[in-house]
Amino acid sequence: MNLRKASMSAAAALALALTATACGGDSDSGSDGDSLTIGIKFDQPGLGLKTPDGKYEGFDVDVATYIAKEMGVKAGDITWKEAPSADRENLISNGDVDFIAATYSITPERKEKVSFAGPYLMAHQDLLVRKDDDSVGSEKALRDSKLKLCSVTGSTSAQNVKKDVAPKADLLEYGGYSECLTGLENKAVDALTTDDSILAGYAAQKAHQGKFKLAGLSLSDEPYGVGIKKGDTKLQKQINDAITKMVDDGSWKKAADKHFGPANYEYDDAPKITETS
Amino acid sequence: MSDLSVLYDAPGPRARARNWLYTVLFFALLALVLWWVLSAMADKDQLTADKWRPFVDDSRVWTTYLLPGLLETLKAAALSIGIALPLGAVLGIGRLSEHRWVRIPAGVVVEFFRSIPVLLMMVFANQIYAQSTDIEPEIRPLYAVVTGLVLYNASVIAEIVRSGILSLPLGQSDAAKAIGMRKWQVMCFVLLPQAVTAMLPALVSQLVVIVKDTALGGAMLGFGELLNQHREITANYGANTIATFTVIAVIFILLNLLLTTFASWLEGYIRRGKKTTGAVVHTGATDDMGFDEPLGKH
Amino acid sequence: MFDFLDQYDLWDAFWVTIKLTIYSGIGSLIWGTVLAAMRVSPVPVMRAFGTTYINTVRNTPLTVIMVATSLGLFQTMQIELGGGDSSETGFRLAVLALIAYHACFVCESLRSGINTVPVGQAEAARALGLSFFQVLTLIVLPQAFRSVVAPLANVLIALTKNTTVAAAIGVTEAAALMSTMVENESDVILLVFAVFAFGFICLTLPVGLLLGWVSKRVAVKR
């Protein structure tokens with residue numbers, strides 16, 4: 001019994017120590033002018049993807065490269081780092097990356113820990129269905145439907161489905177989108193739901209062309225921002241200026257057409273910059 | 001009871017005929033299940049060449065994803081095994097110490113780290129390294145993964161070592177003490193060498209767990225090990241999830257088979273060596289969890 | 001500091017974890033015993049099956065087995081195990097995967113337990129004319145079980161923690177709730193991890209200590 005008590009208090013002490021250290025993180029960010037480390041997704045076609053050639057491509061990558069160029073960093077001097085969803089805030093506050101462009105929606109909770117620049121893209125939760133499937137016509141139909149939906153475990157989209165988008169639907173959750181796509185092909189699920197930008201990336205892939213389509217519903221607003229260290233207003237302004245310039249000179253539209261075009265995804269125009277301080 | 005043939009009589013002509021019948025029935029059933037699985041997969045287009053071909057004719061799948069992933073897995077596994085084995089031995093011996101101030105802390109460490117999910121330990125380790133050391137961010141996930149694996153597996157190995165030593169007949173340490181050996185001499189020259197033989201199979205089981213558990217750090221910490229590569233492969237080659245998982249599983253199985261085959265060779269080698277000195281432990285708690293037990297020796 | 005927990009049902013999530021542990025614990029014990037019996041049986045094809053099963057399943061990462069039940073059995077073969085909706089099906093598939101995986105470890109512990117039973121016991125039983133099945137169930141296994149309570153406790157602890165892998169196929173247990181909280185509460189992310197680490201300590205530590213005590217009580221004195 002002694003042992004158990006001792007272990008319990010050790011656990012509590014560990015937990016406290018960890019949270020205490022977590023709050024005091026203030027290491028320097030590694031921005032030294034001629035090179036940058038940028039966090040992206042490695043497994044998100046159309047947004048951030050590591051290709052078989054070992055290169056990186058996607059809309060997030062193009063935006064990040066443009067920002068880097070405006071900051072005076074050549075594309076060759078960028079180090080790309082994988083930013084898994086659960087690790088994004090820590091990567092920033094630990095100073096492992098200079099900024100993150102990885103399907104990173106701006107939310108009040110996230111702003112407690114990091115700051116944002118942008119947004120650079122307005123995504124909406126949507127459904128991806130098989131090409132010949134027209135059963136999901138409107139938001140209302142979805143709310144009463146008993147469809148089999150699929151999404152990623154714990155994601156905002158999955159939570160939305162349970163709460164208000166389609167509470168009656170049968171929601172299947174997986175660790176990643178690929179499992180859902182296999183289910184969609186197998187007809188084990190009726191639709192994959194998450195941000196339309198992510199869905200468009202999958203639908204635009206060569207292996208998937210002509211198989212799937214977007215339902216075209218806007219179930220939520222997901223403004224994608226560039227995550228930066230909390231309170232770094234100088235970097236925020238630099239990035240905001242870069243995004244504004246990218247939109248103005250047409251590179252933004254070119255990048256969006258390149259990555260989302262093949263999916264017939266009608267992306268929103270570039271959103272207004274909201275994150276200024 | 002290492003020779004399990006004591007459990008039953010040698011098969012006579014009727015038993016042998018019956019065994020043949022069982023074998024034929026079993027393979028017929030296996031073929032039926034296999035046919036059923038394959039036809040279901042074909043029905044769902046899971047066997048189309050598009051999904052499997054990349055692993056054969058696109059060498060980049062291997063050079064960009066699978067082989068670098070395998071390398072990371074091997075690195076993490078080798079480091080963890082190298083550190084966890086001696087640490088586990090020390091903890092296990094510590095739990096058997098006669099001094100309370102050694103025994104109790106060792107016990108607390110073992111029980112505590114055995115109880116926390118390894119993934120969470122990796123996340124905490126990553127955070128501690130980020131806050132209080134200046135390990136390069138590129139290599140930090142590897143450190144975190146190794147730390148988590150070492151803490152957990154050293155605890156489990158400590159338990160194995162302890163039960164291995166406890167399984168030895170009391171007479172061994174009594175005899176050693178009687179000829180005037182010191183406590184550390186009893187442990188190093190008498191108990192440990194015999195216990196190692198008894199616990200080797202259980203140890204190997206644990207090493208296999210280490211190799212597989214390197215996969216835990218992938219999704220959370222961005223550690224590019226083998227299993228985690230399936231996300232990038234399926235994102236590039238059209239959601240060929242089943243094919244990718246199959247290929248990765250086969251690599252893991254082969255890797256672990258290599259490990260267990262080597263270990264059972266080592267076990268036999270040690271046992272043969274021991275036979276000449278006459279010190280064979282047959283009553284070990286984890287005795288003879290052999291992996292490649294020769295089949296059909298009856 | 002812990003007020004963010006109010007909007008989540010921690011108990012519900014851990015209850016699913018406990019249910020997963022209990023069902024798959026019982027299942028692995030049964031299937032593991034059957035596998036062990038196969039591996040020592042007089043029928044060569046059963047021994048071959050047992051060995052192949054152990055060498056394949058034990059060497060595969062649990063995540064792969066878990067996803068294989070969902071993608072393979074559920075999606076492709078359309079086996080729902082009578083689950084009805086996908087969350088119930090997911091739960092049953094997860095139990096199945098956990099049993100398939102942990103039965104290997106139960107089997108191997110049990111086999112080492114069989115090795116600790118003195119040869120004379122089985123020989124005496126056979127001399128009395130007992131069949132293989134009787135020798136195993138009446139004489140050998142009861143003694144073997146008593147000597148492997150501690151290794152089986154290790155398997156149970158590992159099983160409890162491994163239930164977290166079920167989140168990969170959408171079972172709403174503790175790890176799934178953790179991903180939800182990680183997604184929503186990014187400002188207190190380490191606190192979230194600490195809460196779950198503590199939850200698992202509460203589940204596994206008493207089990208480990210209790211079974212450690214039991215193993216000493218029931219051990220065969222030789």
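So, how is chain A divided into domains? Chain A splits into domain 1, made of 36-122 plus 223-263, and domain 2, which runs 125-214. Before I go on, keep in mind that what we're looking at is a predicted model.

Okay, staying with those two domains for a moment. Going by C-alpha atoms, the centres of domain 1 and domain 2 of chain A sit 25 Å from each other. Where they touch, domain 1 of chain A puts in 10 residues and domain 2 of chain A puts in 11. And on the domain 1 side of that contact, you get six nonpolar residues, four polar ones and no charged ones.

Now let's look at a sheet in chain A. This one is open, with five strands, and if you read across you get E10-E9-E11-E8-E12, with mixed pairing. Which strands are at the edges? Those are E10, residues 170-174, and E12, residues 212-214, and each of them pairs on one side only. From one strand to the next, the twist averages 30°.

Quick reminder on the background: strands in a sheet pair through backbone hydrogen bonds, and the pairing can be parallel or antiparallel. For E8 and E11 of chain A, residues 125-130 and 191-195, the pairing is antiparallel and runs over five bridges. If you want one pair to click on, take A:Leu128, whose bridge partner in E11 of chain A is A:Leu192.

While you're zoomed in there, have a look at A:Arg130, which is also in strand E8 of chain A. How exposed is A:Arg130? A:Arg130 has 16 C-beta neighbours inside 10 Å, so it counts as partly exposed; the buried class would need 20 or more, and the exposed class 12 or fewer. Leaving out residues up to four places away in sequence, A:Arg130 touches A:Leu184, A:Lys211 and A:Phe212. As for A:Leu192, it's 62 residues from A:Arg130 along the chain, and their C-alpha atoms are 9.6 Å apart.

Right, over to chain B. Here domain 1 is 1-44 and domain 2 is 53-277, and their C-alpha centres lie 34 Å apart. There's also a UniProt annotation, from an unreviewed entry, that labels residues 70-263 of chain B as "domain: ABC transmembrane type-1". In the model, that span of chain B is 82% helix and 0% strand, and its end C-alpha atoms are 21 Å apart.

Next, the interfaces, starting with B and C. How many residues of each chain are in contact? It's 52 from chain B and 54 from chain C. On the chain B side, several helices supply at least two residues each, among them H1 (13-43), H7 (140-166) and H9 (183-213). The largest share there is from H12 of chain B, with nine residues. By class, the chain B side has 30 nonpolar, 13 polar and nine charged residues.

And then there's C against A. That contact takes 30 residues from chain C and 31 from chain A. On the chain C side, H3 (62-76), H8 (174-184) and H9 (189-218) each bring at least two residues. Which of chain C's helices gives the most? That's H9, with 10 residues. The chain C side breaks down into 18 nonpolar, eight polar and four charged residues.

That's my tour, thanks.

Technical notes
Residues are numbered from 1 along each chain as its sequence is written. Chains are lettered from A and ligands numbered from 1 in the order in which they are written. This is a predicted model: local features need pLDDT of at least 70, side-chain atom pairs count only at pLDDT 80 or more; totals for chains, interfaces and linings use all residues. Two strands pair if DSSP finds at least two bridges between them. Helices (H or I, at least four residues) and strands (E, at least two) are DSSP runs, numbered from the N terminus. Axes are lines fitted to C-alpha atoms, for helices over the stretch in contact, and angles run from 0 to 180 degrees between N-to-C directions. Domain bounds come from an automatic or database domain assignment. Two residues are in contact if their C-beta atoms, placed from the backbone, lie within 7 Å. Ala, Val, Leu, Ile, Met, Phe, Trp, Tyr, Cys and Pro count as nonpolar, Asp, Glu, Lys and Arg as charged, and the others, Gly among them, as polar. UniProt positions are given in the numbering used here, feature names are shortened, and annotations may be inferred rather than shown by experiment.
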